[in-house]
Amino acid sequence: MSALRRRLNPIGLVAAGLMLALAASKEAPWWVLSVGEVAAFQVSPFKVSLEVLGCDVVPSVVDYLTLGAWLSVLVGAVLMAAGSLSRRGWSKALLSFGLSKIAWGLSAVIIVAALPYLLASSPLRDLLLSYAASLLGARVLSAEGPLLVGEGALRLAVAGLTVTLPLRAYVTQYFYAASACLCLCIAARLYQRRVVAIEGAELQLQEPPKRHGAGPA
Amino acid sequence: MMIRPLLAIASLALIVGTVTYGLHLHNFNLADYVLPRLEGLEETLSALGRQGLSIEYGGLVVREASLDGAVLELTLTVRNGLPLALRVEGLSFRATCSDHGQLLGEGALSQPVEVPPEGGRSLSIDIHVIRSMMEHVANYHAYPTEQGLEVSLVASFSASLSLSLGGVRVEGESYLGTANIRFRLSE
């Protein structure tokens, strides 16, 4: 039992299982930005949707990009599990592959989630919002975006009316699960280095001692 | 260690492969592939523009009228053609004399009103005309008849509106038009 435990990386196996569970929930968003009940921007590495009045307006290319990301995480989970079952040197690369996939996915979601805040607080705000609003025949009165989670508002002047769009951002349980998965992947990768180092040391011990100066006379 | 470059290539191939496959499914029409899908939204917005929101004048009834004051009951019909719940949170009216610009009365919705998606709701608002305003009516717009003092005037209406549509708040003021008002002053 002890030998089996030394041969396996249990943290890596749990991380691989969690990655598979996340991939199985392909449609579930990790982060959501809602504009009242009028629009909702739902983001995960596996699916991005921007629904305005019930119509998804996200370009098709995003669907295929996220499909690629989903396949990458699936492959990453399989390689993570395969690497966790081995003590060979190359197993570290397999675990690193799985780790990188979940790290990229989570980073992408955080970057996208930070965009509304950066947009609302950057010097480009007025320029970008004014351009977007002018397309709708509106003028921006004020903009306040949430940072990852929280609330904000966008106030527009449209045809003599003041329109206030409430912004609400929140992360879902899948975001927390992905964060936990990333921590497990990092732990698994560190653990694997130790496992491989022990394996290397054991192999060195098993090698017969080299004879020095012993050759044909 | 050849495994790391191989994994990097596999990783890249997964993304590039799926994106290229998607482009192939779109017959290599790059514009169709990368531009937002607005057809459905345009249709929805067009339908909303036709059905949309409307507040229609339903009528004006003089409930009480004497030299001490009057109460006018204004009836409106709010139609919501949108698939979102509409909540009229505030609606206040000002009636002014069209000929002289004199404020005649003010009234407001007593409590918020919910209008269901693709539905309608009738509202009635009391506009109170106080004594000082009735003096203007009596001095400039009343004439004696056998039955008493008859009033005939043209009132202009403006409204201040605050509503919430699917969580989006809309506020504004608007001139609504004029209405002929005729009534008899009681003793």
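User: What makes a side chain in chain B count as positive or negative?

Analyst: Lys and Arg count as positive, Asp and Glu as negative. In this predicted model, chain B has 12 positive and 20 negative side chains. The centres of the two sets lie 7 Å apart.

User: Why is A:Cys181 called buried?

Analyst: Buried means under 20% relative accessible area. A:Cys181 has 0%, so A:Cys181 is buried.

User: Why does A:Cys55 get the label buried?

Analyst: The relative accessible area of A:Cys55 is 14%. The cut-off is under 20%, so A:Cys55 is buried.

User: How do you know how many disulfides there are over all chains?

Analyst: A search of the whole structure finds 0. Take A:Cys181: the nearest cysteine sulfur belongs to A:Cys185, 4.2 Å away. A disulfide needs the sulfur atoms within 2.5 Å, so A:Cys181 is in no disulfide.

User: What radius of gyration does chain B have, set against a compact globule of 187 residues?

Analyst: Chain B has 30 Å. A compact globule of 187 residues would be near 16 Å. Along its principal axes, the C-alpha trace of chain B spans about 110 × 30 × 30 Å.

User: What share of the residues in chain B is buried?

Analyst: Buried residues make up 38% of the 187. Chain B exposes about 10,700 Å², with 54% supplied by carbon and sulfur atoms.

User: Which secondary structure elements does chain B have, and in what pattern?

Analyst: Chain B has 4 helices and 9 strands. Along the sequence they follow α-α-α-β-β-β-β-β-β-α-β-β-β.

Key:
Residues are numbered from 1 along each chain as its sequence is written. Chains are lettered from A and ligands numbered from 1 in the order in which they are written. This is a predicted model: local features need pLDDT of at least 70, side-chain atom pairs count only at pLDDT 80 or more; totals for chains, interfaces and linings use all residues. Side-chain values use heavy atoms; hydrogens and water are left out. Buried means under 20% relative accessible area, exposed over 50%, partly exposed in between (1.4 Å probe, protein chains only). Helices (H or I, at least four residues) and strands (E, at least two) are DSSP runs, numbered from the N terminus. The radius of gyration is taken over C-alpha atoms; the globule rule is 2.2 Å times the number of residues to the power 0.38. Accessible areas come from the Shrake-Rupley method with a 1.4 Å probe; for residues, only the protein chains shown count as cover. The place of a charge is taken as NZ of Lys, CZ of Arg, CG of Asp or CD of Glu.
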